[in-house]
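Hi,

Here is the structure I promised to pass on. Have a look at it first, and my notes on what turned up in it follow below.

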Amino acid sequence: MARFSIGVDLGGTNLRVAAVDESGTLMEKISTSTQVTLGRDKVLDEMGRIIQTLATRFSTHGALAGVGIGVPGIIDMESGMLRESPNLPGWANYPVQQEIERRLGTSITLENDANAAAFGEHWLGAGQAVDSLCLLTLGTGVGGGIVLNNRIWHGMTGMAGEAGHINVEPDGHPCGCSSHGCIEQYASATAIKRMAMEAITTGEAPQLAQALKSDPEFSAKAIYNLAIQGDEPARKIFEDVGRRLGIVLAGLVNLLNLPMYVIGGGVSSAWDAFAPAMLREVQARSFVYAATNRDEHAKHRTIITRALLGTDAGLFGAAHLPLVAPETISKEAVRR
């Protein structure tokens with residue numbers, strides 16, 4: 001009998017829920033805002049309602065394999081406790097898995113959202129041809145996920161893959177994690193805007209200053225547009241993004257020796273502005289990358305590429321979780 005699953009991408013701004021069949025076909029997707037200001041119960045009640053709607057709607061299409069949910073933050077994989085989540089204020093040390101299961105009347109598979117995105121790219125995106133990959137997501141912050149031998153690598157306590165807090169500048173910009181100089185402070189959309197503001201303050205970036213004045217929603221995208229038009233201060237910002245990313249990737253390549261490293265998230269749309277500097281840096285700093293890429297026809301090469309699934313990577317990855325781990329899902333249907 002055919003099977004389908006339901007994937008959930010719970011973000012600080014948006015809540016997205018999708019029904020996906022076992023071949024990866026998106027059957028339906030429902031998106032709404034995450035009303036975090038109204039409290040945890042409101043968010044989880046709305047999530048449960050949408051899940052139940054999709055479960056009922058597609059019940060005639062096959063058996064429901066289960067529900068996978070991607071959540072931003074640090075998850076205790078054994079207990080299903082959300083230990084910390086900058087995007088979900090007030091959710092620290094919250095038994096999110098238990099609360100969702102209580103509402104649905106069935107077990108669910110909980111996962112960090114960046115891990116889910118890595119799993120999605122591995123299933124249906126850039127990583128379909130490899131058994132292992134590392135994903136860096138460049139968005140408001142920088143996240144990461146690792147898939148090893150077709151399974152998400154969680155580490156000892158579920159905290160593996162926190163690539164956003166790899167240090168690239170020992171005495172650099174302060175980071176929310178309490179360290180300084182993390183890659184999140186140099187390659188995220190937030191960091192790009194900060195670096196543009198710093199350039200404007202010097203008085204040596206007139207076009208950036210004009211863009212700030214004319215655009216109340218001055219963003220990384222506006223800075224990218226100036227960069228590809230040849231504005232030198234904007235171009236230098238993205239070159240610095242690429243150089244810092246290259247430092248991190250070189251270390252990851254040397255450490256992990258995986259076949260593929262994928263760059264996703266909203267900032268990845270600026271690939272042409274930062275990738276040349278990034279790849280030069282990796283080539284110069286990683287002897288493993290240089291050794292595996294000398295021959296373009298070699299059987300084993302280190303691939304660094306853009307993600308393909310965009311914002312749906314985490315949604316597909318979450319949906320894939322119960323399809324590949326049926327033993328973690330209750331045989332009961334989601335309570336109607």
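Before the strands, one term: two strands count as paired here if DSSP finds at least two bridges between them. Keep in mind too that this is a predicted model.

With that in hand, take strand 9 and strand 10 (residues 151-152): they run antiparallel and are joined by two bridges. One of the partnerships across them is Leu148 with Arg151 in strand 10. The two strands make a hairpin with two residues between them, and in this hairpin Asn149 has a positive phi near 50°.

Strand 9 has a partner in strand 8 (residues 133-138) as well, and those two pair in the antiparallel sense over six bridges. You can find Leu136 opposite Gly144 of strand 9. This is a hairpin too, with three residues between strand 8 and strand 9. As for how covered strand 9 (residues 142-148) is, six of its seven residues are buried.

Now for the parallel pairings. Strand 4 runs parallel to strand 1 (residues 3-10), and seven bridges join them. If you want a spot to click on, Val8 sits opposite Ile69 in strand 4. Strand 4 also runs parallel to strand 7 (residues 109-112), this time with four bridges, and there Val71 faces Asn112 of strand 7. Strand 4 (residues 63-71) has seven of its nine residues buried, so the rest of the structure largely encloses this strand.

On to helix 1 (residues 40-57). What length should its 18 residues span? At 1.5 Å a residue the expected figure is 26 Å, and the C-alpha atoms at its ends are 26 Å apart, so the two agree.

Which residues of helix 1 are buried? They are Val43, Leu44, Met47, Gly48, Ile50, Ile51, Leu54 and Ala55. Looking down the axis of helix 1, you would see these buried residues fall within an arc of 165°, so they line one face of the helix. The general background is handy here: an α-helix has 3.6 residues a turn, so residues three or four places apart point the same way.

And what covers the buried residues of helix 1? The cover includes helix 2 (96-104) along with strand 1, strand 2 (14-21), strand 3 (26-33) and strand 4. So strand 4, itself largely enclosed by the rest of the structure, is among the elements that cover the buried residues of helix 1.

Cheers

Technical notes:
Residues are numbered from 1 along each chain as its sequence is written. This is a predicted model: local features need pLDDT of at least 70, side-chain atom pairs count only at pLDDT 80 or more; totals for chains, interfaces and linings use all residues. Side-chain values use heavy atoms; hydrogens and water are left out. Buried means under 20% relative accessible area, exposed over 50%, partly exposed in between (1.4 Å probe, protein chains only). The expected span of a helix is 1.5 Å times one less than its number of residues. The arc is that of the directions from the helix axis to the C-beta atoms. Contact means heavy atoms within 4.5 Å.
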